[in-house]
Amino acid sequence: ESAQVQVVTLNGTDVGWLQTARTEDSLFLAQLHLEAPVHRQGIGTEVMRRLIREAGSIGQAVTLG
């Protein structure tokens, strides 16, 4: 399992972060945090879409805990 933390940016400004971990057969989303001022703007949805696309491109599922 390899863990990774990524910063979420919007127009060059850091607005949150996510922590993922790869297992043999999935991409596990451990945490996703976005700052309150950017809630309800579709940013979390876009982050999830990108994770699902990334995992799907290598035949893995996204899992949550």
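So, β2 and β3: these two pair in the antiparallel sense, over seven bridges. They make a hairpin, with three residues between them. If you want one pair to look at on screen, take W17, whose bridge partner in β3 is H33. And before I go on, keep in mind that this is a predicted model.

Now step over to the other neighbour of β2. β1 and β2 also pair in the antiparallel sense, over nine bridges. A handy pair there is V5, which stands opposite Q19 in β2.

What about β3 and β4, parallel or antiparallel? Those two run in the parallel sense, and they pair over four bridges. You can find the spot by looking for S26, which stands opposite A61 in β4.

Put those pairings together and you get an open sheet of four strands, in the order β1-β2-β3-β4, with mixed pairing. Out at the edges are β1, residues 2-10, and β4, residues 61-64, and each of them pairs on one side only. From one strand to the next, the twist averages 35°. As a quick reminder for the students here, strands of a sheet pair through backbone hydrogen bonds, and they do so either parallel or antiparallel.

Okay, where does the helix go? Going along the sequence, the pattern is β-β-β-α-β, so to speak one helix and four strands in the chain. The helix, α1, covers residues 43-57 and lies across β1, β2, β3 and β4. Relative to β3, which is residues 26-34, α1 runs at about 165°.

Let me zoom in on a couple of residues. First up is T20, which sits in strand β2, residues 13-22. Is T20 buried or exposed? T20 counts as buried, because its relative accessible area is 5%, and the cut-off for buried is under 20%. And which residues does T20 touch, once you leave aside its neighbours within four places in sequence? The contacts are S2, A3, Q4, L27, F28, L29, A30 and L51. To place a few of those: β1 is residues 2-10, which takes in S2, A3 and Q4, while L27, F28, L29 and A30 fall within β3 at 26-34. L51 belongs to the stretch 43-57, so that one is a contact with helix α1.

For contrast, go to G59, in the loop between α1 and β4. G59 is exposed, because its relative accessible area comes to 67%, and exposed means over 50%. Here's one more thing on G59: along the sequence G59 and T23 are 36 residues apart, and in space they are 12 Å apart, C-alpha to C-alpha.

Last bit, the whole chain. The C-alpha trace spans about 35 × 20 × 20 Å along its principal axes. There are 65 residues, and buried ones make up 25% of them. The chain exposes about 4600 Å², with carbon and sulfur atoms supplying 49% of that. How are contacts spread along the sequence? Take those between residues at least 6 apart: 34% of them join residues at least 24 apart.

And the charges: how many side chains of each sign are there? The chain has 5 positive and 7 negative ones, and the centres of the two sets lie 11 Å apart.

Terms used: Residues are numbered from 1 along each chain as its sequence is written. This is a predicted model: local features need pLDDT of at least 70, side-chain atom pairs count only at pLDDT 80 or more; totals for chains, interfaces and linings use all residues. Side-chain values use heavy atoms; hydrogens and water are left out. Buried means under 20% relative accessible area, exposed over 50%, partly exposed in between (1.4 Å probe, protein chains only). Contact means heavy atoms within 4.5 Å. Accessible areas come from the Shrake-Rupley method with a 1.4 Å probe; for residues, only the protein chains shown count as cover. Lys and Arg count as positive and Asp and Glu as negative; His and the chain ends are not counted. The place of a charge is taken as NZ of Lys, CZ of Arg, CG of Asp or CD of Glu. Two strands pair if DSSP finds at least two bridges between them. Axes are lines fitted to C-alpha atoms, for helices over the stretch in contact, and angles run from 0 to 180 degrees between N-to-C directions.
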